[in-house]
Every structure is written in structure tokens, then in C-alpha cells.
Amino acid sequence: MEPAPFRVDQALGLPIVELAGLDQAAAGNDLRRLRLLGAAFDQACRAFGFCYIVNHGVAQGLIDRAFAMSAAFHARPLEEKQQIKINAAHRGYMGMASSL
């Protein structure tokens, strides 16, 4: 039995989307499973505005490095971060309480 693709951790109030089996569903063109996963994202984002993804297959070391790089960037002086202005593709830095 496959896991339900969307659940809410009641203790944390955290919406969780389960991606186990996504690769197999995509490779096998399992439209039922792909629709369930799409609906899980839709439901989580409509109800909460975000979701926590589990069993996505991304190595923990890569995740740890990405968080470390993000922390290092945000620890830099504001003047340095502002030199990397956000562009039309939404790449770059945009300070708190600001908009395009």
C-alpha cells in the first residue's frame, strides 16, 4: 500500500507532501499517482501556503550544503547583498519589507 501523498503533522501543524514513488510513477506514466501528487501539492499550498516535502531523493549532504551557503550569504553585510539586485527572472537579493 502506497503512502497518502499529503498529511498534516498534528503536533507541528506542518503540511507534509510525500514524494516516495514519484520516479516510478513518472517513468511508468502512472497518471493516477501523478494526479494524486499534484493534488497533494495543490491542497497543501491552498490550505497552508507552503508544504514540507519528504522522500524526495535529494541527498542530505546536498541539502546541508545549500542551507550552509544560504546562511553564509545572509550573514554578509547588507551593502554586499544589495549589490546582487533581483532581476526579471527573480534571481538575486531583495531586502526585507521591499517589493519590485
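## Exercises on a predicted model

E18 lies in strand β2. The model used throughout is predicted.

### Exercise 1: The surroundings of E18

Task: Decide whether E18 is buried or exposed, and find which polar partners its side chain has.

Solution.
- Step 1. Start with burial. E18 is buried.
- Step 2. Look for a charged partner. A salt bridge needs a side-chain nitrogen of Lys or Arg within 4 Å of a carboxyl oxygen of Asp or Glu. For E18, the nearest side chain of opposite charge is that of R7, 5.3 Å away. E18 therefore has no salt bridge.
- Step 3. Look for polar partners. The side chain of N55 makes a polar contact with the side chain of E18, at 2.7 Å.
- Step 4. Check the backbone too. A polar atom of the E18 side chain lies 3.0 Å from the backbone nitrogen of A20.

### Exercise 2: The sheet around β2

Task: Work out the strand order of the sheet, and say which strands are at its edges.

Solution.
- Step 1. Read the order. The three strands run β1-β2-β3 in an open sheet, and the pairing is mixed.
- Step 2. Find the edges. β1 (6-9) and β3 (52-54) each pair on one side only, which makes them the edge strands.
- Step 3. Add the twist. On average, neighbouring strands of this sheet are turned by 35 degrees against each other, direction ignored.
- Step 4. Place the helix. α2 (residues 31-48) packs on the sheet and touches β1, β2 and β3. The direction of α2 makes about 165 degrees with that of β2.

### Exercise 3: Pairing and turn in the hairpin

Task: State in which sense, parallel or antiparallel, β1 and β2 pair, and find the bridge partners of F6 and R7.

Solution.
- Step 1. Recall the two options. Strands of a sheet pair through backbone hydrogen bonds, either parallel or antiparallel.
- Step 2. Apply this here. β1 and β2 (residues 14-18) are antiparallel, with four bridges between them.
- Step 3. Match the partners. F6 bridges to V17 in β2. R7 bridges to I16 in β2.
- Step 4. Move to the connection. Four residues stand between the strands of this hairpin. G13 is found in that loop between β1 and β2, with a positive phi near 65 degrees.
- Step 5. Test the exposure of G13. Its relative accessibility is 37%, so G13 counts as partly exposed.
- Step 6. List its contacts. Not counting residues up to four places away in sequence, G13 touches V8 and F48.
- Step 7. Take one distance. G13 and L34 are 21 residues apart along the chain, and their C-alpha atoms are separated by 25 Å.

### Exercise 4: Positive phi outside glycine

Task: Locate N55 and H90, and give the phi of each.

Solution.
- Step 1. Set the background. Most residues other than glycine have a negative phi.
- Step 2. Take N55. This residue is not a glycine, yet its phi is positive, about 55 degrees. N55 lies in the loop between β3 and α3 (60-74).
- Step 3. Take H90. Its phi is near 60 degrees, again a positive value in a residue other than glycine. H90 sits in the segment after α4 (78-82).
- Step 4. Check exposure. H90 counts as exposed because its relative accessibility is 55%.

### Exercise 5: R91

Task: Find what R91 contacts, and decide whether R91 is buried or exposed.

Solution.
- Step 1. Locate the residue. R91 lies in the segment after α4.
- Step 2. Classify it. R91 has 57% relative accessibility and so counts as exposed.
- Step 3. List contacts. Leaving aside neighbours within four places in sequence, R91 is in contact with K85 and I86.
- Step 4. Add the polar atom pair. A polar atom of the R91 side chain lies 2.7 Å from the backbone oxygen of A89.

Technical notes. Residues are numbered from 1 along each chain as its sequence is written. This is a predicted model: local features need pLDDT of at least 70, side-chain atom pairs count only at pLDDT 80 or more; totals for chains, interfaces and linings use all residues. Side-chain values use heavy atoms; hydrogens and water are left out. Two strands pair if DSSP finds at least two bridges between them. Helices (H or I, at least four residues) and strands (E, at least two) are DSSP runs, numbered from the N terminus. Axes are lines fitted to C-alpha atoms, for helices over the stretch in contact, and angles run from 0 to 180 degrees between N-to-C directions. Contact means heavy atoms within 4.5 Å. Buried means under 20% relative accessible area, exposed over 50%, partly exposed in between (1.4 Å probe, protein chains only). Lys and Arg count as positive and Asp and Glu as negative; His and the chain ends are not counted. A polar contact is a pair of N or O atoms within 3.5 Å; within protein, one must be able to donate a hydrogen and the other to accept it, and residues adjacent in sequence count only if both atoms are side-chain atoms.
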